[in-house]
Amino acid sequence: TVFRASHDVKVEGQPLAAGSYGLFMVPGPEEFTIIFSKNSTSWGHYYYSSKEDALRVKVKPRRAPYTHWLTYDFVERKPSEATVVLRWDELEVPIRVEVPDVDGLYLARIREELRNRNGFDAQAWDEAAEFCLERKVNLPEALKWAEFAVSAPFTGKPTFKSLSTLSAAQAANGMADAAKATMQKALEHPTATVIDLHMYGRQLQAQKRTDEAVAVFLLNAKRYPGVWPVNVGLARAYSAQGKLKEALAAAKKALAQAPDDGNRKSLTAIVEKLGAGKPID
């Protein structure tokens with residue numbers, strides 16, 4: 001069996017350089033010795049030599065559901081690590097593999113891709129900036145990428161999505177006033193859909209920015225009167241303002257428009273709560 005690592009990794013906490021290795025195992029009743037050999041081209045174990053060992057680690061085998069054929073699989077997957085398991089019969093041998101700087105690897109790949117044909121796609125620049133914002137890494141460059149997605153010659157394309165990302169990148173770089181102005185442009189942009197505005201209002205609610213959320217729900221009602229889920233947002237806006245009668249009326253309209261059973265069930269509970277004189281979140 002050949003184990004290939006495109007980048008430097010850690011196996012059971014021990015460093016292993018990028019490359020191809022022959023994978024060998026020495027079984028024992030309590031633990032297995034896993035051997036990574038620099039010889040990855042010989043067939044079987046017949047030409048194995050310990051002098052060619054690159055790394056040896058010990059792991060604990062464990063019982064597993066029956067597997068007829070010897071199988072390798074990746075389980076317990078995370079962004080920076082995974083467990084490789086050998087399965088055979090009722091036995092499982094786990095080997096934990098980590099990537100020490102997974103964000104750095106992703107960023108290097110992103111930079112490469114932005115220099116090929118993806119570099120002519122505004123969405124690619126927007127997604128690159130989003131990756132950094134989600135991971136809270138590389139924020140100054142994320143700002144440049146977000147700016148490029150919006151305004152680069154021949155490539156940039158201002159949309160609700162790209163302007164929202166730029167606003168978030170500005171905020172992450174301490175540019176609060178610019179972030180606020182950019183987000184307002186996003187909200188007013190023709191590409192902002194009724195769902196875009198509603199979900200942004202809900203995001204503001206989750207952040208306890210109630211006044212801003214109410215303003216967005218009211219803007220949505222002005223731009224898309226009577227369209228689902230505008231009345232849902234109005235119910236939340238009026239409730240936040242203490243206008244429970246108006247909130248109840250909007251919730252009843254939303255209930256009549258509900259597109260599926262899940263929304264009908266949720267809105268029925270909202271109508272009952274507002275009808276009892278209690279505000280909703």
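This is a short tutorial dialogue on reading cores, salt bridges and surface features in a predicted model.

User: Let's begin inside the protein. Which residues of the largest nonpolar core touch the most other members?

Analyst: The general idea comes first: in soluble globular proteins, nonpolar side chains tend to be buried together. Here the largest nonpolar core holds 33 residues, and L114, W145 and L187 touch the most other members. Helices α1 (102–113), α2 (122–135), α3 (139–151), α4, α5 (176–188), α6 (194–206) and α7 each supply at least two residues of this core. The most comes from α2, which gives seven residues.

User: What is L187 in contact with, leaving aside its neighbours within four places in sequence?

Analyst: L187 is in contact with F160, A192, L197, Y200, V216, L219 and R223, once those sequence neighbours are set aside. There is also a second, separate core of 18 residues, and F32, V57, V59 and V84 are included in it.

User: Now a polar residue in a helix. Is T165 buried or exposed?

Analyst: T165 sits in helix α4 (residues 160–172). It counts as buried because its relative accessibility is 4%, and buried means under 20%. Beyond neighbours within four places in sequence, T165 is in contact with D126, A129, E130, L133 and A146.

User: And what about an acidic residue in a strand, such as D53 in β6?

Analyst: D53 counts as buried too, at 18% relative accessibility. Its side chain makes a polar contact with the side chain of R56, at 2.8 Å. Leaving aside neighbours within four places in sequence, D53 is in contact with I35, F36, S37, K38 and Y48.

User: How many salt bridges are there?

Analyst: Side chains of opposite charge can pair when their charged atoms come close. The count in this model comes to 15 salt bridges. One of them joins R96 and E98, with the closest N and O atoms 2.8 Å apart; R96 is partly exposed, with a relative accessible area of 29%.

User: How far apart are E113 and R109 along helix α1?

Analyst: They are separated by about one helical turn, because they are four residues apart in that helix. Their salt bridge has its closest N and O atoms 3.3 Å apart. E113 is partly exposed, with a relative accessible area of 29%.

User: Which helices hold E141 and R111?

Analyst: E141 forms a salt bridge with R111, the closest N and O atoms being 2.9 Å apart. E141 lies in helix α3 and R111 in helix α1, so this pair ties together parts that are 30 residues apart in sequence. Both partners are partly exposed: E141 has a relative accessible area of 22%, and R111 is at 35% relative accessibility. Elsewhere, salt bridges that share partners join R62, D73, E76, R87 and E92 into one network.

User: Let's finish on the surface. Which residues make the nonpolar patch of about 510 Å²?

Analyst: That surface patch is made by W43, Y46 and Y47. Y46 is placed in the loop between β5 (32–37) and β6 (53–59). Y46 is exposed, since its relative accessible area is 58% and exposed means over 50%.

User: How do I read a residue such as E212, in helix α7 (residues 210–223)?

Analyst: E212 counts as partly exposed, at 39% relative accessibility. Sequence and space can be read side by side here: E212 and A237 are 25 residues apart in sequence and 9.9 Å apart in space, C-alpha to C-alpha.

Notes
Residues are numbered from 1 along each chain as its sequence is written. This is a predicted model: local features need pLDDT of at least 70, side-chain atom pairs count only at pLDDT 80 or more; totals for chains, interfaces and linings use all residues. Side-chain values use heavy atoms; hydrogens and water are left out. Patches are made of residues with over 30% relative accessible area and no salt bridge: like charges are joined within 9 Å, nonpolar side chains (Val, Leu, Ile, Met, Phe, Trp, Tyr) within 5 Å. Accessible areas come from the Shrake-Rupley method with a 1.4 Å probe; for residues, only the protein chains shown count as cover. A salt bridge is a side-chain nitrogen of Lys or Arg within 4 Å of a carboxyl oxygen of Asp or Glu. Buried means under 20% relative accessible area, exposed over 50%, partly exposed in between (1.4 Å probe, protein chains only). A polar contact is a pair of N or O atoms within 3.5 Å; within protein, one must be able to donate a hydrogen and the other to accept it, and residues adjacent in sequence count only if both atoms are side-chain atoms. Contact means heavy atoms within 4.5 Å. A nonpolar core is a set of buried Ala, Val, Leu, Ile, Met, Phe, Trp, Tyr and Cys residues joined through side-chain atoms within 4.5 Å.
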